[in-house]
Amino acid sequence: MGACVIKDHSTHFGTRESSREFRQQPGSMEAAAVLADARSRAPPAWPALFRRELYPFATDATPTTKPVTEFSVMQFNVLADGMTVDFEMSPPDSLQWPARSWRLIEEMLRFSPDIICGEEVNHYPDFFEPVMRRAGYECVFMSKPASPCLEFNAPPDGCAVFVRKAKFDIMYIDKFQLVNDHNQVGIILKLAPVSHPRTVLCVAVTHLKASKGEANDRKRLEQMNFLLHRLDTTIPADTPIILCGDFNTEPSSTTYAAVVNHPRQLTSLYGPEGAASEPAHTTWKVRPASEFKRTIDYIFHSKHLDPLCRLSIPDAEVPQSRCPCRQYPSDHFALLGHFALLKPS
């Protein structure tokens, strides 16, 4: 597997190491303008965001059908404003919302994703929605009914999906609370590629119950089973599916097993060979008396979606204070994958 280096200003991600050539489509002029605006708002002394690379999936297989379209998906827990109180080692200025908010936008837009699934999204009506609409995205949001952000005098957080309007039309929206803890929410969308309006892609996002312990493990499993059942009852079996989220549980869990053992044959983008092949971490933070370096964020995909590339996860370059930091605005790293949408057989 070779590496295609992504520079922040680049719109060309290189060639896939297979029989199909893959090229990243440049972002829209609207998104480029918002990205430039976001970069201009970074404090002058702050270093650049972590350099990240796109790694192509190496394969010797010859595509049997021409894809309907190619698209990219980002999964990103953005760390809600108000939830930064325990990051004692992070530089205080890196936690302040006015600067951190635009760093989040920079990370969200610098790789030109067509779909962004987000958790812990707050300041939705006053920030994320107007900014992302200006960047050319349609926006869908589901707020937590009793968001913990309210305890810190911050707006409620929830899940959001941002869809590039030039790439997809939103045909169906399902917003819901999860079972056993109605403060956890999810969103299911049906999308149609603008170039192929009769083709359907399903995108789902959720944020499962936090905190360790057997009781919360059971809640997460029940919540995931609820979401999978909702997909089964609303989305036809042959519809391609992307499932993103902060599951708050590691690959060894029963919740992870429920996803990979589901009849829809969902595969993790970052762990295509199963739990043992998942990365070492997707979140890395220090809180009072503890350091957390875990894999709990995922992008799963069904058949009829051929993964082309995935984005690297920062490691050695992460400072001793971990994240958030001046080089990265969240305690979770954005995941990103590029897919070919294939015609169902």
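**Cavity lining and salt bridges**

The lining of the largest cavity is evenly mixed by class, with three nonpolar, three polar and three charged residues. The structure described here is a predicted model. The residues along this lining are Ala237, Asp238, Thr239, Pro240, Ile241, Arg264, Ser302, Lys303 and His304. Sorting them by class is a helpful exercise. Ala237, Pro240 and Ile241 belong to the lining, and Ala, Pro and Ile count as nonpolar. Asp238, Arg264 and Lys303 also belong to it, and Asp, Arg and Lys count as charged. The space enclosed by the largest cavity comes to about 40 Å³, and the count of cavities of 30 Å³ or more is one.

Attention now turns to charged side chains. Side chains of opposite charge can pair when their charged atoms come close. In this model, the count of salt bridges comes to 19. Three of these pairs are described below, each with the surroundings of its two partners.

One salt bridge links Arg41 to Asp37, with 3.0 Å between the closest N and O atoms. How exposed is each partner? Arg41 has a relative accessible area of 43% and is partly exposed. Asp37, at 19% relative accessibility, counts as buried, because the cut-off for buried is under 20%.

A second pair brings together the side chains of Glu138 and Arg133, where the N to O distance is 2.5 Å. Here Glu138 is partly exposed, at 26% relative accessibility. Arg133 is partly exposed as well, with a relative accessible area of 34%.

The third pair joins the side chains of Arg322 and Glu291 in a salt bridge of 2.8 Å, N to O. Where in the chain do Arg322 and Glu291 lie? Arg322 sits in the loop between β15 (305-311) and β16 (335-341), while Glu291 is part of strand β13 (residues 290-294), so this salt bridge ties together parts that are 31 residues apart in sequence. Arg322 counts as buried, at 11% relative accessibility, whereas Glu291 counts as partly exposed, at 44%.

Salt bridges can also share partners, and one such network is made up of Asp37, Arg41 and Arg134. Two of its members are already familiar: Asp37 and Arg41 form the salt bridge with the 3.0 Å separation. Within this network, Asp37 is a buried residue, and Arg41 is a partly exposed one.

Technical notes:
Residues numbered from 1 in each chain as written. Predicted model: local features only at pLDDT ≥ 70, side-chain atom pairs only at ≥ 80, totals over all residues. Heavy atoms only, no water. Salt bridge = Lys/Arg side-chain N within 4 Å of Asp/Glu carboxyl O. Buried < 20%, exposed > 50% of the residue type's maximum accessible area, 1.4 Å probe, protein only. Helix = DSSP H or I, 4+ residues; strand = E, 2+ residues; numbered from the N terminus. 1 Å grid on protein atoms, 1.4 Å probe; cavity = no way out; pocket = protein on both sides within 12 Å on 5 of 7 lines; lining within 4 Å. Points joined across faces, edges and corners; volume = space filled by probe spheres on them.
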